[in-house]
Amino acid sequence: MLHRGTGVVEHRVFRDLGAYLGPPDVLVLNDTRVLPVRLRGRRSGSGGRLEAAGGPAPDGAPGGAGGPAPDGGGEVEVLLLRPVAGPSPAPAGAGDTWEALVRPGRRLRPGTRLAFGDGAIEVTVGPPAERGVRLVTVRCAGDLRAALERVGEMPVPPYIERPLDDPNDYQTVYAERPGAIAAPTAGLHLTPALLDAIRGQGVRVVFVTLHVGLGTFRGVEVEDVTRHRMDAESYEVSDETAAVINGARAQRGRVVAVGTTVVRTLETVATDEGTVTAGSGPTELFITPGFRFRVTDALVTNFHLPRTTLLMLVSAFAGRERILAAYAEAIRLRYRFYSFGDAMLIL
């Protein structure tokens, strides 16, 4: 735990979170649910049809990126990002155009047809879009979400080399609204019992939605961070959530965000007066040091990798030097970093 005002660091276990909370504080969670949008197969060498494939996760973004496959075979992967016509990757129709990551992209020419799960889902590769994204056409005989549940895989990060024992291990216990391609991992630490205990202390628990996409995990590849552009991600803040947060602030309670996605959502809908407004839409908010936080008072977050927008956000919130000092302490004590790693509370 890091006190951003003083730089003091405390070492606690996550179940002690409630010791730092009390009424009229409000704990804000992201209730997005990860969809199994990772489609993997092996080229059969006969017209681009695919057979089921196993093997380790390739390298790259969630769902990874494998090396080039020979024309007659090799693993192929499609990671569906979002439908072009809508903000949330959970449509029911067929013949939709999607943004996707396709591997091996250079070997899959526009017009290549790929079938997954004995033809349950068919993907026609289209032209490149921008920043490594391809446009694809997705078809299935029935509801696409149901087909993805049968055929797709959870798009876990590529450094998780062992398959999950249970796909729900990559979901928060309160995941409710399908649409993400990665989990809001700060929330993975919370259990129903801990949430009940926190509510029992008089702390309100509310939900926002931000469907985690490329914007959250795409690395920063430019030296001038002002030139980095966030990929849009879809958010929603309900009237009820806005009312609870604004009521807490009116009573001098703290708004405690669980995860950087919650921070970006809250600060997207924040007013200069320090309240939030209900609403929905895309956000491309990129938070870097110097940003003025209008609503977020405290943050629960995991430990992040260098050259990521996530590390820049927490540096903006607590100060770069204090974050680096806290990270050095975490490394010395062998804390675990990233998605399934340890967490820190920044007050």
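## Exercises on core packing and aromatic pairs

Valine 28 touches Val206, Val208, Ile245, Val255, Val256, Ala257, Val258, Val262 and Leu266, when residues up to four places away in sequence are left out. The model is a predicted one.

**Exercise 1.** Determine which residues have the most contacts inside the largest nonpolar core, and which helix gives the largest share of this core.

*Solution.* The largest nonpolar core has 37 residues. Val28, Ile245, Leu266 and Ile323 have the most contacts inside it. Helix α6 (residues 309-318) supplies the largest share of this core, six residues. Apart from it lies another core, of 27 residues, including Val76, Leu80, Trp98 and Ala100. As a general background, nonpolar side chains in soluble globular proteins tend to be buried together.

**Exercise 2.** Establish how strand β13 is joined to β1 and β15, and which way its side chains point.

*Solution.* Begin with β1 (residues 26-30): three bridges join this strand to β13, and the two run parallel. Valine 26 stands opposite valine 255 in β13. Turn next to β15, which is also joined to β13 by three bridges, again in parallel. Here valine 256 has alanine 298 of β15 as its bridge partner. Finally, consider the directions: Val255 and Ala257 point one way from β13 (residues 255-258), Val256 and Val258 point the other way, and all are buried.

**Exercise 3.** Describe the surroundings of threonine 261 and state whether this residue is buried or exposed.

*Solution.* Threonine 261 belongs to helix α5 (residues 260-268). Its relative accessible area is 5%; because buried means under 20%, threonine 261 is buried. Not counting residues up to four places away in sequence, threonine 261 touches Asn30, Pro184, Leu210, Val212 and Thr216. With asparagine 30 there is a polar contact between the side chains, at 3.0 Å.

**Exercise 4.** Classify the aromatic pair of phenylalanine 293 and phenylalanine 317, and explain which parts the pair ties together.

*Solution.* The structure holds eight aromatic pairs. In the pair of phenylalanine 293 and phenylalanine 317, the distance is 5.1 Å centre to centre and the angle between the planes is 85°, an edge-to-face arrangement. Phenylalanine 293 lies in the loop between β14 (279-283) and β15 (298-302), and phenylalanine 317 in helix α6, so the pair ties together parts that are 24 residues apart in sequence. Phenylalanine 293 counts as buried at 18% relative accessibility, and phenylalanine 317 is buried with a relative accessible area of 4%. The charged end of arginine 4 sits over the ring of phenylalanine 317, 3.8 Å from the ring centre. Elsewhere, ring pairs link Phe303, Tyr327, Tyr335 and Phe337 into a cluster.

Notes: Residues numbered from 1 in each chain as written. Predicted model: local features only at pLDDT ≥ 70, side-chain atom pairs only at ≥ 80, totals over all residues. Heavy atoms only, no water. Helix = DSSP H or I, 4+ residues; strand = E, 2+ residues; numbered from the N terminus. Buried < 20%, exposed > 50% of the residue type's maximum accessible area, 1.4 Å probe, protein only. Polar contact = N/O pair within 3.5 Å; in protein donor to acceptor, adjacent residues only side chain to side chain. Contact = heavy atoms within 4.5 Å. Core = buried A, V, L, I, M, F, W, Y, C linked by side-chain atoms within 4.5 Å. Phe/Tyr/Trp six-rings, centres within 6.5 Å; stacked < 30°, edge-to-face > 60°. Lys NZ or Arg CZ within 6 Å of the ring centre and 35° of its normal. Pairing = 2+ DSSP bridges.
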